[in-house]
Amino acid sequence: MKRLTCDQVETFRRDGILIVEHLVTDDDLAPIIRAMEKLIDDRARTYHREGRIHDLHQDEPFDRRLASLYAQDHAIIDRLDIVDTRLRPLFEFHFNERLLDAVEDLIGPEITINPIEHIRPKIPAALTDDPNGYENVPWHQDAAVTWEEADESEIVTCWLPLVDATPENGCMRVIPGINRVGYLEHEASDMGTTIRPDVFPAHVEPMTAACGKGASVFMSRFTPHQGLMNRTDCVRWSLDLRYQPTGEPTGRPFFPAFVARSEADPDSVERDHDAWSRRWDEALPKARGIHWHRTLPPEQRVPPDSPFATGHDGIH
Ligand SMILES: O=C(O)CCC(=O)C(=O)O
Ligand SMILES: [Fe+2]
């Protein structure tokens with residue numbers, strides 16, 4: 001054990017959910033927050049020059065400023081995700097020793113960064129036009145956002161709030177124990193990919209995954225979870241990263257995966273921000289039009305002219 005106790009590992013195996021408070025420090029997260037603040041500031045200044053917003057709210061804190069800007073122009077939150085912004089501190093965070101030590105305790109020392117990852121600013125529901133609130137992710141298992149090739153891959157979701165996550169600002173709820181049941185059928189809904197009502201686990205008590213900044217919520221790929229509505233006037237910022245044993249399918253074969261840690265072959269670690277960004281640049285045009293989730297039958301997921309269509313060099 002490098003970071004977790006035997007009890008914590010046992011809890012994860014049994015329940016498919018483990019919340020570890022104080023796993024990373026404020027100093028670990030500060031470079032990501034600073035880089036995001038700078039990006040938002042630059043964007044706000046551009047919008048201001050263009051007359052799209054009238055107030056920069058430059059003295060507001062990280063958990064508030066984006067909401068004030070969003071109230072003036074909803075587009076301010078577009079394309080802020082990890083793959084859009086490719087912030088260097090975010091890339092570096094994939095190699096955080098405290099996080100990787102915990103992941104190693106869960107899946108072993110050969111660790112790959114799965115390409116499914118997000119930074120999510122959950123805007124106050126009261127500001128959005130959507131009655132359900134923005135980023136109110138419906139009940140799902142993360143396996144549903146991968147292709148079936150990853151059903152046996154031990155992908156672990158690491159959900160890290162960048163501000164304290166509470167029931168009021170829209171923390172997650174999770175259902176423990178279903179990880180031992182396996183995959184539940186999902187369907188597309190207005191809110192996003194969600195567990196089909198007829199297979200939704202009956203007689204189960206969801207657990208509220210409230211946790212402080214610095215915590216990580218670890219979930220298995222079969223752990224049902226949802227995001228609660230953000231009823232506050234602040235932004236619930238969070239990061240969700242996924243790691244898996246190296247060599248196992250990622251569930252998104254058209255996107256790049258990177259080795260984060262290796263005991264057997266330390267030289268295989270790919271800690272190169274430029275290479276990461278370049279490989280995303282190469283992958284995204286080739287992946288255009290591909291359906292990432294499994295809510296469509298396999299034969300309808302890849303457009304016929306895609307390099308990943310059957311008969312080309314990719315998926316068969
Ligand atoms: O951030 C949320 O509310 C939901 C996140 C989620 O579904 C995930 O990290 O897999
Ligand atoms: Fe999820």
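Two strands pair if DSSP finds at least two bridges between them. With that in hand, let's look at this predicted model, beginning with a small sheet and then moving to the ligand.

**The sheet**

Strand β5, residues 172-174, is joined to β8 by two bridges, and the two strands run antiparallel. That count meets the requirement of at least two bridges, so β5 and β8 pair. One of the residues involved is V174, whose bridge partner in β8 is M207. Together with β10, these strands form an open sheet of three, in the order β8-β5-β10, with antiparallel pairing. Why is one side of β8 and of β10 left without a neighbour in the sheet? Both β8 (207-208) and β10 stand at the edges and have a single partner strand each, so one side of each stays free of a neighbour there.

**The ligand and its surroundings**

Ligand 1 takes up the space of the largest pocket. Which elements give two or more residues to the shell around ligand 1? They are β10, spanning 225-227, and β11, spanning 236-245. The largest share comes from β11, with four residues.

In full, the residues surrounding ligand 1 are R120, V137, H140, D142, W159, M172, H225, G227, R236, S238, D240 and R242. By character, this shell divides into five charged, four polar and three nonpolar residues. M172 is worth a second look on your screen: this residue is among those around ligand 1, and residues 172-174 make up strand β5 of the sheet described above.

**Polar side chains facing ligand oxygens**

Three side chains place a polar atom beside an oxygen atom of ligand 1, as listed here.

| Residue | Side-chain atom | Ligand 1 atom | Distance |
|---|---|---|---|
| H225 | polar atom | oxygen | 3.1 Å |
| D240 | N or O atom | oxygen | 3.4 Å |
| R242 | N or O atom | oxygen | 2.7 Å |

How much of ligand 1 does the protein bury? Taken alone, ligand 1 exposes 290 Å², and the protein buries 99% of that area.

Conventions. Residues are numbered from 1 along each chain as its sequence is written. Chains are lettered from A and ligands numbered from 1 in the order in which they are written. This is a predicted model: local features need pLDDT of at least 70, side-chain atom pairs count only at pLDDT 80 or more; totals for chains, interfaces and linings use all residues. Side-chain values use heavy atoms; hydrogens and water are left out. A residue is near a molecule or strand if one of its heavy atoms lies within 4 Å of it. A polar contact is a pair of N or O atoms within 3.5 Å; within protein, one must be able to donate a hydrogen and the other to accept it, and residues adjacent in sequence count only if both atoms are side-chain atoms. Accessible areas come from the Shrake-Rupley method with a 1.4 Å probe; for residues, only the protein chains shown count as cover. On a 1 Å grid over the protein atoms alone, a cavity is a set of points where a 1.4 Å probe fits but cannot get out, and a pocket is an open set with protein on both sides within 12 Å along at least five of seven lines; lining residues have an atom within 4 Å of a point. A molecule sits in a cavity or pocket if more than half of its atoms lie within 2 Å of its grid points. Ala, Val, Leu, Ile, Met, Phe, Trp, Tyr, Cys and Pro count as nonpolar, Asp, Glu, Lys and Arg as charged, and the others, Gly among them, as polar.
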